[in-house]
Amino acid sequence: MTAANGRGKAGNLPADVTSFIGRRREITEALRLLSSSRLLTLTGSGGVGKTRLALRVAERARRNFREGVWLVELADLSDPSLLAHTTAERLGLRAEPSRDRVELVIDHLAPRETLLILDNCEHLVDQCAAFVAALLPACPRLTVLATSRQSLGVYGENTLLVPPLPVPDPDHVLSAAELARYDSVALFVDRARAVLPGFDAADGASPEVLARLCRDLDGIPLAIELSAVWLRTLSLGRLEERLSERYRLLTTGPRSAPSRQRTLRALIDWSHELCSHPEQLLWARASVFAGGFDLAAVEYVGAGDGVTPEELPDLLHSLVDKSVLIREEHRGDVRYRMLETLREYGFERLAAAGEETAVRRRHRDWYAALIERFEAEWIGPGQEAWLDRLEHEHANLRAALAHCLNQPGEAVVALRMATAVDEYWSIRGLNTEARYWLDQALAAAPEPGRERISALCLNAWYALLQSDAASALPLLDEAEALVESVGGPGQAAFVAHVRGMAALFAGDMDRAAELLGQALAGFRVGRPRGELFALSMLGLAEGLRGERARGLARIEECLVLAQERGETYWRSWALWSLAFLELGHDLGRSEAAAKEALTVHGRMESRLGTAFLVDLLGWVSARQGRHVRAATLFGAAAAIWHPMGTTTLDGMAPMAAVQDEHLARVRAALGDERYESAFRHGNGMSARSAVELALEERERPTRQAQRNADEDTPLTPRERQVAALLAEGLSNKEIAGRLVVATRTAETHVDHILSKLGFTSRAQVAAWATAHDLTPPIDG
């Protein structure tokens with residue numbers, strides 16, 4: 001299985017948004033070190049370009065890592081205890097509550113040939129060192145590429161110092177053409193032309209000035225980019241004069257620091273001084289955002305003493321112009337972010353001004369209000385937009401929750417926030433992180449209250465989803481005791497609902513129906529989220545205990561209510577319940593309901609719902625006699641279940657019984673060898689490919705079309721056999737064994753296939769082979 005965040009790609013490297021200049025020697029050396037070492041740390045001062053270099057090296061090395069390249073960005077992570085969790089999240093893993101997060105990552109990476117990039121380790125260097133030291137011995141095929149201002153100090157670590165870009169020799173007068181061979185000059189010219197299209201390095205005295213300027217900037221890429229932007233308002237000569245004046249007058253900054261670090265600090269100081277006072281204030285206040293922000297958020301957080309709401313959009317535009325902020329657009333929404341070096345500088349200014357606590361509170365208040373709007377608007381037509389927005393704000397949600405937990409008397413706000421964002425945690429499969437924040441908030445806010453009851457219930461629900469009833473039941477016991485003293489109808493209904501789901505998972509349908517009926521009665525008045533969920537699950541429980549007509553009526557009521565309210569997520573769960581109940585009665589209706597539900601869950605990237613429905617459509621296929629398809633779907637579902645730390649056989653008795661029945665039926669029909677082959681094929685699919693297969697969105701080609709496709713490919717017959725074996729997930733050594741050739745011969749075939757098809761990974765070849773229905777040889 002390829003962990004790909006459910007999006008069908010083996011890795012998560014961002015695309016370059018500006019051109020990459022130079023670094024040929026460093027790229028070559030880094031690639032050489034990666035080929036002989038399993039830990040390489042790129043070190044260097046802030047702003048020198050470690051991250052850009054790491055991404056470029058990773059892109060060049062991608063072909064060498066069968067299971068892909070994964071980037072874990074740590075700049076926005078302030079809580080060291082979330083390091084392993086963040087890594088697991090980037091890998092698409094969902095942890096079991098009883099398991100250590102490091103162990104989860106190890107179990108996933110141990111058999112996989114993977115490159116893991118840990119970016120910006122310096123503020124977590126001890127934790128990163130311990131993490132890497134745990135991973136490498138346990139994961140023999142893992143390679144780690146880290147970036148940090150200092151080495152990790154782990155045994156076996158190779159370090160590569162990333163120096164500033166080469167600058168012109170001060171003892172020689174060079175022409176513009178000769179200067180262009182220096183990477184620092186090439187970068188300056190490239191960025192200068194981005195802000196001043198007519199910029200000409202060969203104009204008049206420009207070559208000599210440009211040479212001095214790049215030397216003054218010490219070849220630091222961030223410094224070069226920050227200075228080039230000023231060509232909008234200053235000539236090249238005047239820019240060089242101002243920088244020289246600034247350095248001569250420099251009195252701030254640590255005098256013991258290397259000159260290039262003092263130069264960068266000086267340049268940022270100068271950029272700060274060239275900003276107006278309102279721009280300086282906004283720079284400092286915007287530094288509290290983690291991962292980025294939109295206009296509305298910064299208007300709320302950044303406006304105030306010295307910055308009026310009316311002038312704020314112009315201030316943002318000016319800070320973008322001055323390269324303090326980076327403007328990004330996603331699906332028509334504009335967001336802003338800062339480079340980490342500039343954010344750290346802004347935060348220093350914020351703290352020095354005595355505004356840190358007040359601005360952090362405004363930041364927290366904004367995201368608390370955002371979550372309240374999410375809670376109020378979730379039942380409606382904008383669910384996918386809300387999920388997208390909260391995913392963009394995930395780092396800010398973490399920062400707001402952390403602020404609550406670090407401030408006396410604020411933990412109860414964290415309880416409200418972590419509880420209200422329920423569906424976001426669940427749909428994105430963030431059950432482990434949700435439990436982390438709920439555990440922290442419950443410990444920090446032990447006072448009895450309705451917020452505590454809701455948090456206890458939600459924490460118990462996530463525990464049940466991870467088959468951890470042992471943790472869930474004590475939480476429910478405490479919640480139930482609190483209901484008697486401080487709770488109300490809503491809290492009592494919540495307790496009954498989660499207890500009802502625990503009974504349903506345990507296979508006690510009588511108890512489940514009783515409790516879910518109580519929950520429904522409590523949710524009926526003003527609690528539509530609970531009402532829809534309780535209706536769909538009560539209908540399932542009643543149907544499973546023999547009251548099929550009554551259960552279907554409950555589900556139909558849920559579907560009607562959801563339709564009236566423009567709601568799709570809870571409606572999709574009602575469709576799942578309908579499909580489950582109709583499986584043995586009306587197969588056509590079961591299949592149609594399951595596919596409609598899967599369309600929603602697939603679009604929302606809901607891992608739990610997708611896993612349930614891919615399995616269910618496998619059961620449908622088994623009953624239709626489409627046994628190969630069924631086995632393939634079972635393998636695909638297993639790949640989706642695995643990162644969540646559970647399976648349908650683990651803690652969900654009614655589903656487990658149906659699964660066992662259909663697995664046995666399909667295995668008996670196909671025989672062990674054919675079953676395992678189809679299962680492996682499905683197990684190697686991404687979540688997106690699994691959804692497409694389950695929905696039958698890709699029509700299978702006719703046999704003649706398949707033959708034509710084979711004839712049209714540039715591959716030889718032997719290479720098509722190798723491609724088919726790659727689709728089965730075989731290593732080069734295993735391919736060699738099947739074909740009875742040398743391992744080196746198999747490696748050569750794989751290289752030729754990648755080259756001929758223009759691919760960069762084995763996963764791409766496997767997908768291509770599957771699409772062309774290539775058949776692997778039985779033997780050599």
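This report walks through a predicted model, from its confidence scores to one sheet and three pairs of packed helices.

**How confident is the model?**

Averaged over the chain, the pLDDT is 86, and 90% of the residues score at least 70. Two stretches deserve some care as you look around. Residues 1-10 have a pLDDT below 50, and in the model this stretch has 35 contacts beyond near neighbours in sequence. Residues 247-258 also have a pLDDT below 50, with 13 contacts beyond near neighbours in sequence.

**The sheet**

A good place to start is the open sheet, which is formed by 5 strands in the order S2-S3-S4-S1-S5, with parallel pairing. Which strands stand at the edges? They are S2 (69-73) and S5 (158-161); each has a single partner strand, so one side of each is left without a neighbour in the sheet. On average, neighbouring strands here are turned by 20° against each other, direction ignored.

At one end of that order, strand S1 (residues 39-43) pairs with S5 in the parallel sense over 4 bridges. Within S5, leucine 161 stands opposite threonine 43.

Helices lie across this sheet too. Helix H2 (residues 50-61) lies across S1, S2, strand S3 (114-119) and strand S4 (142-148), and runs at about 160° to S4. Helix H3 (residues 83-90) lies across S2 and S3, at about 140° to S2.

**Three helix pairs**

Two packed helices are described by the angle between their axes and the distance between the axes. Here are those values for three pairs.

| Helix pair | Angle between axes | Axis distance |
|---|---|---|
| H22 (residues 450-465) and H24 (residues 489-506) | about 15° | 9 Å |
| H25 (residues 509-523) and H26 (residues 528-544) | roughly 155° | within 9 Å |
| H31 (residues 627-641) and H34 (residues 687-695) | about 150° | 10 Å |

Let us take H22 and H24 to begin with. Their axes pack at about 15°, which makes H22 roughly parallel to H24. H22 passes H24 in a left-handed crossing. On the H22 side, the contact includes Arg450, Ile453, Cys457 and Trp461, while H24 contributes residues including Gln491, Phe494, Met501 and Phe505. By class, this contact has 12 nonpolar, 2 polar and 1 charged residues.

Next come H25 and H26, whose axes cross at roughly 155°. That angle makes H25 roughly antiparallel to H26, and their crossing is left-handed. Among the contact residues of H25 are Met509, Leu516, Gly517 and Phe523; those of H26 include Gly530, Glu531, Leu538 and Glu542. How many charged residues does the contact of H25 with H26 have? It has 2, alongside 12 nonpolar and 2 polar residues.

The pair H31 and H34 completes the tour. Their axes pack at about 150°, so H31 is roughly antiparallel to H34. H31 passes H34 in a left-handed crossing. Here Arg629, Thr632, Leu633, Ala636 and Ile640 in H31 meet Ala687, Ala690, Leu693 and Ala694 in H34. By class, the contact of H31 with H34 has 7 nonpolar, 1 polar and 1 charged residues.

Technical notes
Residues are numbered from 1 along each chain as its sequence is written. This is a predicted model: local features need pLDDT of at least 70, side-chain atom pairs count only at pLDDT 80 or more; totals for chains, interfaces and linings use all residues. Side-chain values use heavy atoms; hydrogens and water are left out. Axes are lines fitted to C-alpha atoms, for helices over the stretch in contact, and angles run from 0 to 180 degrees between N-to-C directions. Helices (H or I, at least four residues) and strands (E, at least two) are DSSP runs, numbered from the N terminus. Angles under 35 degrees count as roughly parallel, over 145 as roughly antiparallel, 65 to 115 as roughly perpendicular and the rest as oblique. A crossing is left-handed if the near helix is turned anticlockwise from the far one by less than a right angle, and right-handed if clockwise. Contact means heavy atoms within 4.5 Å. Ala, Val, Leu, Ile, Met, Phe, Trp, Tyr, Cys and Pro count as nonpolar, Asp, Glu, Lys and Arg as charged, and the others, Gly among them, as polar. Two strands pair if DSSP finds at least two bridges between them. pLDDT is the predictor's confidence in each residue, from 0 to 100.
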